[in-house]
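Trainee: Hi! Could you walk me through a structure I have not looked at before?
Mentor: Happy to. Let's put it on the screen.

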Amino acid sequence: GGKLEFDFLGGSNADQFRIRHAYLTNDEWLIGQTWSNFALPDFMPETIDGLGYVGGSVRRFMQLRHNLQLSEQTSLVSALEDSKDAQTNMRLPALTLRLNQKFDEGKGLVSVRTLVSEKRTASDEVYAWGIGLGTKYQLNPKTELKLDYYHVNGDSSFVAWTNPGIAINQVTQEITEKNQFDSLAIGITHKFNPMLRGTLGYGYMVFDDDQTYRQSFSNVDMLNKNLWQGWANVMYSPVKPITLGMEYVYGERETFENKVGLDNRINLVAMYNF
């Protein structure tokens, strides 16, 4: 099998063509570009925003993936991923592992993930790591709960909205410090009737306050101390191929210099499924 999917949300221009998914599958194997094995969006509460919100991730990488079905309820997914970032030159692909466990007769799913990746400059290298825990549970036939948590040390390529994963001395190209963060997204979706559903979601990220790390950047205002966003949406499907949606989001960003930015907006969407 395989998949090819593209849109026009690439780069700095909103109308730039980009490939989202392009992969081939054969039995237990996948090769190509798709959602990261570590930071997949399965456990992020539903949103209209195509880039997602704080605490979740919508990252896609080139990868070689293997899915091992250990039992009817348990699977182990491993992958080598090309998780390039703007800071470093990768020599080795990132290694990610994901253990999925269904429970309560399939009503719930728990996913435990881990990653190890190399961060390398012209004269130095360190290894970054991370863990993730996601779950979704069908509380009743109409209501689903989702939760996703990450703790990452030294990497900024997998989870969205992060500070740079490492600090680099621009003269010697030595890596002076790694940064770490914790993030959480939680939300609930309820189907009011076959045509109408709604979601309440909340996301939060907090970053380690390390003086050595901060002093390596000339513009400290670009470094976040914490971020949060809350959102509420309704999705209405009057006929089968059409879905209309409206969403309100409010969030705040605080820097290490105690400066605050606001995110206060309404999103609208119209979808035709074919």
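Mentor: We can start with the overall fold and then look at rings, the core and charged pairs.

Trainee: Sounds good. What kind of model is this?
Mentor: It is a predicted model.

Trainee: And how many helices and strands does the protein have?
Mentor: There is one helix, together with 16 strands.

Trainee: How compact is the protein?
Mentor: Its radius of gyration is 20 Å, and the globule rule gives 19 Å for 274 residues, so the protein is as compact as a globular protein of that length. Along the principal axes, the C-alpha trace spans about 60 × 45 × 40 Å.

Trainee: What share of the residues is buried?
Mentor: Of the 274 residues, 42% count as buried. As for contacts with a separation of 6 or more, 55% of them are between residues 24 or more positions apart.

Trainee: Let's talk rings. How many aromatic pairs are there?
Mentor: The structure holds 13 aromatic pairs. Take phenylalanine 38 and tyrosine 150: their ring centres are 5.5 Å apart and the planes are at 50 degrees, so this pair is tilted.

Trainee: Why does 50 degrees make it tilted?
Mentor: Because planes under 30 degrees apart count as stacked and those over 60 as edge-to-face, with the rest called tilted.

Trainee: Where do those two residues lie?
Mentor: Phenylalanine 38 is in the loop between strand E3 and strand E4, while tyrosine 150 is in strand E9, so the pair ties together parts that are 112 residues apart in sequence.

Trainee: Are phenylalanine 38 and tyrosine 150 buried or exposed?
Mentor: Both phenylalanine 38 and tyrosine 150 are buried.

Trainee: Which residues form a cluster through ring pairs?
Mentor: Phe38, Phe61, Tyr150 and Phe158 are linked that way.

Trainee: What else does phenylalanine 38 touch?
Mentor: Leaving out residues up to four places away in sequence, its contacts include Glu81, Arg113, Leu115, Ile131, Val152 and Val159.

Trainee: Which residues touch the most other members in the largest nonpolar core?
Mentor: Phe38 turns up again there, along with Phe158, Val159 and Met205; that core has 19 residues. The elements giving two or more residues to this core are E9 and strand E13.

Trainee: Back to rings for a second. What about tryptophan 228 and tyrosine 250?
Mentor: Their ring centres are 5.7 Å apart with planes at 50 degrees, so that pair is tilted. Tryptophan 228 belongs to strand E14 and tyrosine 250 to strand E15, 22 residues apart. Tryptophan 228 is partly exposed at a relative accessible area of 24%, and tyrosine 250 is partly exposed at 25%.

Trainee: Which charged residue sits over the ring of phenylalanine 43?
Mentor: That is lysine 136, whose charged end is 5.9 Å from the ring centre.

Trainee: New topic: how many salt bridges does the structure hold?
Mentor: It holds 15 salt bridges. One of them joins aspartate 7 and arginine 20, with the closest N and O atoms 3.6 Å apart. Aspartate 7 is in strand E1 and arginine 20 in strand E2, 13 residues apart.

Trainee: Are aspartate 7 and arginine 20 buried or exposed?
Mentor: Aspartate 7 is buried, with a relative accessible area of 17%, and arginine 20 is buried too, at 15%.

Trainee: What does lysine 119 form a salt bridge with?
Mentor: Its partner is aspartate 155, and the closest N and O atoms are 2.9 Å apart. Lysine 119 is in strand E7, while aspartate 155 is in the loop between E9 and strand E10, 36 residues apart. Lysine 119 counts as buried at 2% relative accessibility, and aspartate 155 is buried at 3%.

Trainee: And what about aspartate 263 and arginine 265?
Mentor: They form a salt bridge whose closest N and O atoms are 2.7 Å apart. Aspartate 263 counts as buried at 18% relative accessibility, whereas arginine 265 is partly exposed at 28%.

Trainee: Which residues do shared salt-bridge partners join into one network?
Mentor: Lys3, Glu5, Asp7, Arg18 and Arg20.

Trainee: Last one: where is serine 83?
Mentor: Serine 83 is in the loop between strand E5 and strand E6. It is buried, with a relative accessible area of 1%. Among the residues serine 83 touches are Phe61, Lys119 and Phe158.

How values were computed
Residues numbered from 1 in each chain as written. Predicted model: local features only at pLDDT ≥ 70, side-chain atom pairs only at ≥ 80, totals over all residues. Heavy atoms only, no water. Phe/Tyr/Trp six-rings, centres within 6.5 Å; stacked < 30°, edge-to-face > 60°. Helix = DSSP H or I, 4+ residues; strand = E, 2+ residues; numbered from the N terminus. Buried < 20%, exposed > 50% of the residue type's maximum accessible area, 1.4 Å probe, protein only. Lys NZ or Arg CZ within 6 Å of the ring centre and 35° of its normal. Core = buried A, V, L, I, M, F, W, Y, C linked by side-chain atoms within 4.5 Å. Contact = heavy atoms within 4.5 Å. Salt bridge = Lys/Arg side-chain N within 4 Å of Asp/Glu carboxyl O. Rg over C-alpha atoms; globule rule 2.2 N^0.38 Å.
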